Amino acid sequence: VDAMGSTIVLALERRPPLMISHDAGTTWTERGSGLPTGKAVVIGENPDHMLYGARNRLYVSRNGGVFWRALGVELPEIVDVAWD
């Protein structure tokens, strides 16, 4: 779970793995239908920027979780993610 302003993102152990609210939890949208089950999600300072960690790969969204792009590097098992 991560929140920034009125945006909340839940990473769930299912497909699609994300539930996103842009109105502080009043309404929710399923997102990430092409993503694998993940470990963690974080919202950047701009709430449209999100980082999602699956087992060993990172995915980034720059449009509020509508579209996701895999980063090319495969990593050791991911436990948590953060914007720096």
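User: Is Arg-14 buried, partly exposed or exposed, and what's the figure?

Analyst: Arg-14 counts as partly exposed, because its relative accessibility is 30%. Keep in mind that this is a predicted model.

User: Which residue does Arg-14 form a salt bridge with?

Analyst: The partner is Glu-30. Their closest N and O atoms are 3.0 Å apart.

User: Where do those two sit?

Analyst: Glu-30 lies in strand 4. Arg-14 lies in the loop between strand 2 and strand 3. The two are 16 residues apart in sequence, so the salt bridge ties those parts together.

User: And Glu-30, buried or exposed?

Analyst: In between. Glu-30 is partly exposed, with a relative accessible area of 46%.

User: You mentioned strands. What kind of sheet has the order 1-2-3-4?

Analyst: An open sheet of 4 strands, with antiparallel pairing.

User: Which strands stand at the edges?

Analyst: Strand 1, residues 2-4, and strand 4, residues 29-31. Each has a single partner strand, so one side of each is left without a neighbour in the sheet.

User: How many degrees are neighbouring strands turned against each other?

Analyst: On average 20 degrees, with direction ignored.

User: How many bridges join strand 2 to strand 3?

Analyst: There are 4 bridges. Strand 2 covers residues 7-11 and strand 3 covers residues 18-21. They run antiparallel.

User: What stands opposite Val-9 there?

Analyst: Ile-20, in strand 3.

User: Back to the edge. Which strand holds Asp-2, and is Asp-2 buried or exposed?

Analyst: Asp-2 lies in strand 1. Its relative accessibility is 19%. The cut-off for buried is under 20%, so Asp-2 counts as buried.

User: What is Asp-2 in contact with, leaving aside its neighbours within four places in sequence?

Analyst: Thr-7, Ile-8 and Val-9 are among its contacts. So are Val-41, Val-42 and Ile-43.

User: How many residues apart are Asp-2 and Ile-43 in sequence?

Analyst: They are 41 residues apart in sequence. In space, C-alpha to C-alpha, they are 6.4 Å apart.

User: OK, salt bridges again. How many does the structure hold?

Analyst: It holds 3. One of them is the Glu-30 and Arg-14 pair. Another joins Glu-77 to Lys-39, with the closest N and O atoms 3.0 Å apart.

User: Which parts of the chain does the Glu-77 pair link?

Analyst: Distant ones. Glu-77 is in the segment after strand 8, which covers residues 69-70. Lys-39 is in strand 5, residues 38-43. The two residues are 38 apart.

User: Are they buried or exposed?

Analyst: Glu-77 is exposed, with a relative accessible area of 52%. Lys-39 counts as partly exposed at 42%.

User: What does Arg-57 form a salt bridge with?

Analyst: Glu-74. Their closest N and O atoms are 3.1 Å apart. Arg-57 lies in the loop between strand 6 (50-54) and strand 7 (58-61), while Glu-74 lies in the segment after strand 8. They are 17 residues apart in sequence, so the pair ties those parts together.

User: Buried or exposed, those two?

Analyst: Arg-57 counts as partly exposed, at 22% relative accessibility. Glu-74 counts as exposed, at 54%.

User: New topic: the backbone. Which peptide bond is cis from Arg-15?

Analyst: The bond from Arg-15 to Pro-16, with omega near -5 degrees. Most peptide bonds are trans. Pro-16 lies in the loop between strand 2 and strand 3.

User: What about Ala-24, what's its phi?

Analyst: Ala-24 has a positive phi of about 60 degrees, although it is not a glycine. Most residues other than glycine have a negative phi.

User: Where does Ala-24 lie, and is it buried or exposed?

Analyst: Ala-24 lies in the loop between strand 3 and strand 4. At 54% relative accessibility, Ala-24 counts as exposed.

User: Last one, aromatics. How many pairs does the structure hold?

Analyst: It holds 2 aromatic pairs. In one, the rings of Tyr-52 and Tyr-59 have their centres 6.2 Å apart. Their planes are at 55 degrees, so the pair is tilted.

User: Which residues do ring pairs link into a cluster?

Analyst: Tyr-52, Tyr-59 and Trp-68.

User: And the two tyrosines, buried or exposed?

Analyst: Tyr-52 counts as buried, at 0% relative accessibility. Tyr-59 is buried too, with a relative accessible area of 13%.

Technical notes. Residues numbered from 1 in each chain as written. Predicted model: local features only at pLDDT ≥ 70, side-chain atom pairs only at ≥ 80, totals over all residues. Heavy atoms only, no water. Pairing = 2+ DSSP bridges. Axes fitted to C-alpha atoms, helices over the stretch in contact; angles between N-to-C directions. Buried < 20%, exposed > 50% of the residue type's maximum accessible area, 1.4 Å probe, protein only. Contact = heavy atoms within 4.5 Å. Salt bridge = Lys/Arg side-chain N within 4 Å of Asp/Glu carboxyl O. Phe/Tyr/Trp six-rings, centres within 6.5 Å; stacked < 30°, edge-to-face > 60°.
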